[in-house]
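Biologist: I have not looked at this one before. Can you walk me through it?

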Amino acid sequence: MKQSKLLMPTLREVPADAEVKSHQLLLKAGFIRPVSAGTFSYLPMAKRVLNKIEQIIREEMDRIDANEMLVPEILPAELWQKSGRYTTYGPNLYKFKNRQDRDFILGPTHEETFTQLMADDIKSYKKLPLVVYQIQPKFRDENRPRFGLLRTREFIMKDAYSFSADQAGLDTAFRNMESAYTNVFDRIGLNYRAIVGDAGAMGGSDSKEFSAPAAAGEDIIAYSDTTDYAANLEMAKDFYERQKPTFSAEPLEKIDTPNEKTIEELSQLLDVPAEKLAKTIMFMADGELVAVVTTGDFEVNDVKVQNFLQADTLELAEEGQVKALIGASFGSLGPVKLPENVRLLVDERAADLVNFAAGANEDGKHYLNINWQRDVQLTEENIGDFRTAREGDVAVDGHGHLVFTKGIEIGHIFKLGTRYSKAMGAQVLDENGRQVDMIMGSYGIGVSRLLSAIVEQKADDDGLVWPASVAPFDVHIVPVNTKDDEQARVASQLEELLTKQGLEVLIDDRKERAGVKFADADLIGLPIRITVGKKASEDVVEVKVRASNTNIEMRVSEVVDSVSVLLNGDK
Ligand code: 9G3
């Protein structure tokens, strides 16, 4: 390909609103351009990378007998009303009406679409297991799109769905997907961790997240510094063993605390450390008030609370709601004398507190010497892990300490069970002639997000650095002086030889100064650059391996073999 024919509008400067490296470089190198907040055009160079990423995904999906297909992006509201998600997914769900005033959505994901298809056409267990997938744009009206392709309102996802007649079929599909994902990310050349993911509202029992460590990552990953335990902070667990403390119960006492609103202030007043105090946070879970109690030295983890309750929506309660329902403000809340209709959840560390202090559910009052059972009924099913793990805590496996790092979620696989097959009526007759709900899994890879993840991990100060497996072209030929016939001859000879070898070649035939050509070559980051300069007359060129920034002089006759070796080492 001649660079003079290529649409690749490089920039000298980068727009100020590009905050992360991948957003800056993909704009600067002329790979992407914004169209609206959270939507981007993929220019030719980015489209070439996307094609290669998608090809690797297809090969690995086909290897595990997944069927590629494609469903509409425009979906009738009825489909999502059947699963109940038409209402539970609020403003992020694009809704619109068609010319007959019928309600439609733009698909953010397709559990319903594929499950309805199976419900309509698959009736016998003999036809299962089946795995289907697509690579298709998804739409989510994100409140704050940012960081270029990392958080957008339209993005390309590979989404796959498995359908089986029994749990064993799901376990096999899940295992196959997990190995296919490791092949995909290994072939792309990304660093990643498979971590305990947040099954969230997907209702699944198991989920695994694939996280690519990167400073621009929005997820916090907690991993053990000695074992392979790693989890999204939303799920991460610190080690705690329940205690059965022997103690003498002190009498309950109510004290005036006109100025003590926070754990720190109460700790000061009582001269008691935070881990001996109870912190009470109020939530609205699917419209009902829930009080969550942890020890004062931990934060309440809302994802753990939401998963425990299997609530579709969970938000912090407003102070007004709390005042109206409990009669006290945030600084005076506690577990004692909560109204009957308020659900109480107690973190296991708080469940082991004795003679502890907490708000009295009266403004400006706290109780001292609270003891569970005497002052507050507490049963095992209200006790769980509702805290956010902290860096440095002992990891849940009892070994090693938690270390935090930022990660980009590049994949997520879920064991869904029967939530969607029940909703859509996807059942098969099993070998005993009984109707059983299909057992499902759903599996996603953020295809367009991978572009940015690769840049975040591989780029250097001079610009993009593409692994050979996904590079827009394999080799970049840069003749230094376009007026020099010798250099033009050697350059086109090399282009022909390398193309014949099956390599994709970009030749910089622009009438630009050498400095501009070299800077642009470093910026767009093709794996191999061949500079054709003064020594062309001796049939000698310079080969640069972009990833290691090493330069090797060699004879034209050696180039084809050594370039193939250099590339295959990376493919
Ligand atoms: C929505 C909106 C946003 C969403 C969802 C639904 C995330 C939603 C989770 C998934 C689960 C899996 C299949 C491929 C792998 C991921 N954001 N999720 O369901 F309506 Cl607006 O997408 N889906």
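What follows is a chat about the fold, one sheet and some charged side chains.

Modeller: Before anything else, note that this is a predicted model.

Biologist: Fine. How many helices and strands does the chain have?

Modeller: The chain has 15 helices and 29 strands. Its C-alpha trace spans about 100 × 65 × 50 Å along the principal axes.

Biologist: And what share of the residues count as buried?

Modeller: Of the 571 residues, 52% count as buried.

Biologist: Let's take a sheet. In what order do the five strands of the open sheet come?

Modeller: The order is β16-β14-β15-β17-β20, with mixed pairing. At the edges are β16 (314–316) and β20 (383–384), each of which pairs on one side only.

Biologist: What holds strands together in general?

Modeller: Strands of a sheet pair through backbone hydrogen bonds, in a parallel or an antiparallel way.

Biologist: So β14 and β15, which sense is that, and over how many bridges?

Modeller: Strand β14, residues 278–285, pairs with β15 in the antiparallel sense, over eight bridges. You can find the register from A278, which stands opposite T295 in β15. Another pair is T280 in β14 with V293, its bridge partner in β15.

Biologist: What connects β14 and β15?

Modeller: They form a hairpin with two residues between them. D286 sits in the turn and has a positive phi of about 50 degrees.

Biologist: How does β14 run against β16?

Modeller: Those two run antiparallel, joined by three bridges. One contact to look for is A285, whose bridge partner in β16 is L314.

Biologist: Is β14 largely enclosed or open, and why?

Modeller: Seven of the eight residues of β14 are buried, so the strand is largely enclosed by the rest of the structure.

Biologist: Back to D286. Which charge patch does it belong to?

Modeller: A patch of negative charge on the surface, where D286 gathers with E288, D312, E315 and E318.

Biologist: Where is E288, then? Buried or exposed?

Modeller: E288 is in strand β15, which covers residues 288–295. The residue is in between, partly exposed, because its relative accessible area is 36% and the partly exposed class runs from 20% to 50%.

Biologist: Change of topic. How many salt bridges are there?

Modeller: The structure holds 45 salt bridges. One of them joins the side chains of K52 and E504, at 2.7 Å from N to O. That pair links distant parts of the chain, 452 residues apart. K52 is in helix α2 (residues 44–63), and E504 is in the loop between α13 (485–500) and β26 (505–507).

Biologist: Are those two buried or exposed?

Modeller: K52 counts as buried at 17% relative accessibility, while E504 counts as partly exposed at 31%.

Biologist: Anything else in helix α2?

Modeller: E54 and R58 are both in helix α2, four residues apart, which is about one turn of the helix. They form a salt bridge whose closest N and O atoms are 4.0 Å apart. E54 is buried, with a relative accessible area of 10%, and R58 is partly exposed at 23%.

Biologist: What does R546 pair with?

Modeller: R546 forms a salt bridge with D460, the closest N and O atoms being 2.7 Å apart. R546 lies in the loop between β28 (540–545) and β29 (550–555), and D460 in the loop between α12 (447–458) and β25 (475–479), so the pair ties together parts that are 86 residues apart in sequence.

Biologist: How accessible are R546 and D460?

Modeller: R546 counts as buried, at 3% relative accessibility. D460 counts as partly exposed, at 23%.

Biologist: Which residues are linked in a network of salt bridges?

Modeller: K237, D238, K304, D347, E348, R349, D385 and R387 are linked in such a network.

Biologist: Last one, Q81. Where is it, and how far is its C-alpha from that of G169?

Modeller: Q81 is in helix α3, residues 77–83, and is partly exposed with a relative accessible area of 43%. The C-alpha atoms of Q81 and G169 are separated by 28 Å, and the two residues are 88 apart along the chain.

Key. Residues are numbered from 1 along each chain as its sequence is written. This is a predicted model: local features need pLDDT of at least 70, side-chain atom pairs count only at pLDDT 80 or more; totals for chains, interfaces and linings use all residues. Side-chain values use heavy atoms; hydrogens and water are left out. Patches are made of residues with over 30% relative accessible area and no salt bridge: like charges are joined within 9 Å, nonpolar side chains (Val, Leu, Ile, Met, Phe, Trp, Tyr) within 5 Å. Accessible areas come from the Shrake-Rupley method with a 1.4 Å probe; for residues, only the protein chains shown count as cover. Lys and Arg count as positive and Asp and Glu as negative; His and the chain ends are not counted. The place of a charge is taken as NZ of Lys, CZ of Arg, CG of Asp or CD of Glu. Buried means under 20% relative accessible area, exposed over 50%, partly exposed in between (1.4 Å probe, protein chains only). Two strands pair if DSSP finds at least two bridges between them.
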